[in-house]
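Visitor: Before we look at the model together, I would like to hear how each label in it is earned, with the reasoning spelled out.

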Number of protein chains: 2
Amino acid sequence: METESDPGLESDVFARNCTSRPVLQNLAGRWGILALVALREGPYRFSALRRRVDGVSERMLAQTLRALERDGMVHREVLETIPPRVEYTLTELGAEIADQLEALVKLVELNMPRVRAAQDAYDRD
Amino acid sequence: METESDPGLESDVFARNCTSRPVLQNLAGRWGILALVALREGPYRFSALRRRVDGVSERMLAQTLRALERDGMVHREVLETIPPRVEYTLTELGAEIADQLEALVKLVELNMPRVRAAQDAYDRD
């Protein structure tokens with residue numbers, strides 16, 4: 001088990017105080033997955049990313065990107081254009097994580113007929 | 001884009017109303033990941049699973065398992081023992097998803113030193 005005072009120990013998400021838990025939450029949360037998978041398509045400006053991640057509020061996307069930037073998944077760059085633009089890209093680590101998340105998303109999308117059948121059976125009971 | 005009235009269309013988690021979104025949230029949420037990855041270890045009774053997923057409340061674990069059962073990821077069986085016991089196992093689909101989640105968890109755990117370095121750099125700025 002890892003605690004914040006023992007950063008040398010191996011990470012274990014099953015341990016309540018493990019510092020890997022909030023990291024996992026940031027990237028696997030509702031908007032973290034979609035933002036990271038979208039950024040596999042290439043760099044995005046904030047407003048374009050917000051359109052891609054259909055349904056996310058400005059506040060939630062900003063919060064999500066800040067957490068992912070702090071965790072080293074996303075790189076935020078201010079481009080010196082007029083007016084200045086902010087562009088988001090995946091870091092090397094973010095790209096590895098995003099590939100894994102993409103595989104998860106595809107697996108879920110592919111299996112939605114099975115999921116729907118299970119939901120129908122559950123709701124009938 | 002898929003809506004609830006068009007169940008035949010291909011699933012797309014980027015579409016706001018796609019029915020795959022809540023499914024993804026159920027399994028990738030805070031407790032969904034941990035419950036599914038824990039169940040890769042074998043069947044669990046509720047109380048043992050709650051000990052394994054350190055820090056989850058009874059209410060949250062029950063809610064998580066109900067959602068995963070409805071989505072066809074988890075099988076809930078009442079064993080006719082005295083007293084009766086309830087046991088949770090992964091379905092075939094749940095096992096596929098859990099393998100994917102396990103790979104994600106391992107990737108995050110493995111990269112925690114990189115994440116911590118990024119967090120330190122971010123917090124210094």
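Guide: Two strands count as paired if DSSP finds at least two bridges between them, and this is the test to keep in mind for the predicted model shown here.

Visitor: What makes E2(B) and E3(B) a pair of strands?

Guide: Six bridges join strand E2 (residues 74–79) of chain B to strand E3 (residues 85–90) of chain B, and the definition asks for at least two, so the two strands pair. They run antiparallel, with B:Val74 standing opposite B:Leu90 in E3(B), and a hairpin of five residues leads from E2(B) to E3(B).

Visitor: Why is the meeting of A:Arg114 and B:Glu96 called a salt bridge?

Guide: The side chains of A:Arg114 and B:Glu96 come to 3.5 Å, N to O, and the limit for a nitrogen of Arg and a carboxyl oxygen of Glu is 4 Å, so the pair qualifies. The count between chain A and chain B is eight salt bridges, and 20 residue pairs are in polar contact, both residues at pLDDT 80 or more.

Visitor: Which helix gives the most to the side of chain A that touches chain B?

Guide: That is H5(A), with twelve residues.

Visitor: How many residues does each chain bring to the contact, and how much area is buried?

Guide: Chain A and chain B each bring 53 residues, and about 5000 Å² is buried between them, 61% of it from carbon and sulfur atoms. In chain A, A:Phe14, A:Arg70 and A:Tyr122 lose the most area to chain B, together 15% of what that side buries.

Notes:
Residues numbered from 1 in each chain as written. Chains lettered and ligands numbered in written order. Predicted model: local features only at pLDDT ≥ 70, side-chain atom pairs only at ≥ 80, totals over all residues. Heavy atoms only, no water. Contact = heavy atoms within 4.5 Å. Buried area = accessible area lost by both parts, 1.4 Å probe. Polar contact = N/O pair within 3.5 Å; in protein donor to acceptor, adjacent residues only side chain to side chain. Helix = DSSP H or I, 4+ residues; strand = E, 2+ residues; numbered from the N terminus.
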